[in-house]
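Good morning, and thank you for coming. I should like to take you through one structure, step by step; please look at it with me.

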Amino acid sequence: MKGVILARCPSALLFDLTHGIPPQDVLAGALQLLAAAPYSPPDTVFLAVVDPGVGGARRPLCLRSGRRLFVGPDNGLLWPAAEACGVPEAFHLDRPEHWLPAAGATFHGRDVFAPAAAALAAGRLPEELGSPIEDPVRLRIPECSVSVEGVDGEVILIDGYGNAVTNVRPEDLTLSNAGSAVFSFDTGAVRGPSSHYEAAAPGEGLVVAGSLGFYEIAVNRGDAAKTFGLRVGSRIKARPAERVPSR
Amino acid sequence: MKGVILARCPSALLFDLTHGIPPQDVLAGALQLLAAAPYSPPDTVFLAVVDPGVGGARRPLCLRSGRRLFVGPDNGLLWPAAEACGVPEAFHLDRPEHWLPAAGATFHGRDVFAPAAAALAAGRLPEELGSPIEDPVRLRIPECSVSVEGVDGEVILIDGYGNAVTNVRPEDLTLSNAGSAVFSFDTGAVRGPSSHYEAAAPGEGLVVAGSLGFYEIAVNRGDAAKTFGLRVGSRIKARPAERVPSR
Amino acid sequence: MKGVILARCPSALLFDLTHGIPPQDVLAGALQLLAAAPYSPPDTVFLAVVDPGVGGARRPLCLRSGRRLFVGPDNGLLWPAAEACGVPEAFHLDRPEHWLPAAGATFHGRDVFAPAAAALAAGRLPEELGSPIEDPVRLRIPECSVSVEGVDGEVILIDGYGNAVTNVRPEDLTLSNAGSAVFSFDTGAVRGPSSHYEAAAPGEGLVVAGSLGFYEIAVNRGDAAKTFGLRVGSRIKARPAERVPSR
């Protein structure tokens, strides 16, 4: 893919965001792209591929949000990041004259997306590469549920350190001044939020507001997912600590 | 290695192909390089190191194919890619004045190959860095065997998704119009070819013509190598489906 | 982090050293940075993050050694590399006006270190970004102990091939002409040094002077750490072979 881009746009400046997305995990890829996109230069072209449906019915897609451009499969992967950068316009990359000559059905990253990203980096417009569409797949990050009791959410990502990122944002949880909450799950509970990972003793669990903008359950110098058996989809209840009877 | 290159050729544009080759697996490295090289800009210098024999009898090597240059150990790693890009000329990188001053015997990537790649990227010729040789190691991808019965081949690579890449190319297997084949192996069989990975139900096996140009055995949203116990060297028989009695 | 750097210093040339440091392993990160820094262009800005104490009491740090600059946490990670490149001057990156506007407590890599590295790459001086300090954390690589008997050391790193890098340097071990030594540990012993990894039969252990400048225990075409159960901290005794009774 990099060779294709550089062969077609020699002045392109490439940088790798990650090669650590688990195979087929569109949500994990979408969250990592969401984490990176708003911090990148405004004229960046993002090329992302987590693409179990390659070669089938799913469309090759370009999204434009402000000056930022996103290229990849129309399976939701690009949507949260594009939405975070503005109001996305969508284009179906449906013009084979812009693909590699012998484009196949198993590696659109190389045959379809890389040529499109190169063309965009070289100054072409999405309108030249595809047809506008109104119905791109809009992947939604699961939303937490807020009630007078507290917040019910779930784990949406296990990061490379084993931190369990939830879908609860600090603004979802109303805490009294200097108050704290108990985050409980099937296999235990931790108290938080703490300001940083070393606020608990080594090996102990805690909650921090992580870099993705969500509360995450962590273990100081440890792996929260392994320690607590948490996985994507694990249910989390956050309750103000004063409502939780102490043991 | 990157520091050495940039210190000697500050205008070099570096891009990483992969850091995912299993230790010592020369064939896997050769196949990945083969997959990437023909798509890269024609004046690319490829530096590849899978080098269990570093510091021993194997020679440091440069191959030139057309305008493309390849630097690495003379153990076959570079050969298939260089051969795919033209008719390779070979040079033994035997001039220590082009190496790092204190070149050691355990990291030729840093001490020998990186300085050579930097010199080539800066415009030097292979002739300046080494002596022409006629006997570089020519690694051959194992060939399948074609008969009136069908094709007998083997698995030559397990990729990062667990797909089992075979050494059977579409042109090796004669199928009647819209015909299909059965690919059988010790632990089972799958039918193909399919046009893309989602042509089977999730968790089911199939065969696709993959991006390396070979048929590969895959599992939709799964890991074929784990599912079927396939590994490099596993024997594969491909037979036209009409010759295989259905169960 | 890369996006932040490129947004603030578009002409920066980025290259990745490694993403393979085990979580929280400051010593492993320090050794890899030490291995790379002296070979890199003299005006390189090194940004390294292995940072279990992020957001707590540990300071954000910049070290300057000659023309080389190092940015990261003040937990020792940067020290061995900076010391290898000259006499380090230390600066506490204590000026929030140079950080990202909403710098948080869990990802200083993005919010504090990347803006600092970008500013340095763009020509700012460490003096503009922070206050000089005299007490940066000085991580010392554990030293081996030399006696008339031989050398007592330990494993300080398991590399990506499973080689067990010790803290014994060739100059620590006095060998008679063409002499060899026995490196023993709880679970066995190997003889060395050998000049390269293939000096032993496949699957057999040996000792080589590795690219980090230390003796390392290796297995030809194998994984020494797994074969011998070696880990960081495993004790190693190196004795001249003539003093070791043969079995």
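**A pocket, a sheet and a symmetry**

The second largest pocket has a volume of about 430 Å³. Please bear in mind throughout that this is a predicted model.

Which residues lie nearest the centre of this second largest pocket? They are Leu13(A), Leu14(A), Leu13(B), Leu14(B) and Leu14(C), out of 20 residues that line the pocket. Sorted by class, the lining of this pocket comprises twelve nonpolar, six charged and two polar residues.

Let us now turn to chain C. Here five strands make up an open sheet, with mixed pairing and the order 1-3-2-4-5. Why is one side of strand 1 and of strand 5 left without a neighbour in the sheet? Strand 1 (45-47) and strand 5 (131-133) of chain C stand at the edges and have a single partner strand each, so one side of each remains without a neighbour. From one strand to the next, the twist averages 25°.

As a reminder, strands of a sheet pair through backbone hydrogen bonds, in either a parallel or an antiparallel manner. In chain C, strand 2 (residues 60-65) and strand 4 (residues 89-92) are paired in the antiparallel sense, over four bridges. Within this part of the sheet, Leu63(C) is found opposite Ala90(C) of strand 4.

A helix also belongs to this picture. Helix 4 of chain C, residues 108-121, lies across strand 1, strand 2 and strand 3 (68-73) of that chain, and runs at about 170° to strand 3.

Finally, the symmetry. A turn of 120° with a shift of 0.0 Å along the axis lays chain A on chain C, with an RMSD of 0.0 Å. The two copies are therefore related as by a three-fold rotation axis.

Terms used
Residues are numbered from 1 along each chain as its sequence is written. Chains are lettered from A and ligands numbered from 1 in the order in which they are written. This is a predicted model: local features need pLDDT of at least 70, side-chain atom pairs count only at pLDDT 80 or more; totals for chains, interfaces and linings use all residues. Side-chain values use heavy atoms; hydrogens and water are left out. Two strands pair if DSSP finds at least two bridges between them. Helices (H or I, at least four residues) and strands (E, at least two) are DSSP runs, numbered from the N terminus. Axes are lines fitted to C-alpha atoms, for helices over the stretch in contact, and angles run from 0 to 180 degrees between N-to-C directions. Contact means heavy atoms within 4.5 Å. On a 1 Å grid over the protein atoms alone, a cavity is a set of points where a 1.4 Å probe fits but cannot get out, and a pocket is an open set with protein on both sides within 12 Å along at least five of seven lines; lining residues have an atom within 4 Å of a point. Grid points are joined across faces, edges and corners, and a volume is the space filled by probe spheres set on the points. Ala, Val, Leu, Ile, Met, Phe, Trp, Tyr, Cys and Pro count as nonpolar, Asp, Glu, Lys and Arg as charged, and the others, Gly among them, as polar. Copies are superposed by least squares on the C-alpha atoms of residues with pLDDT of at least 70 in both.
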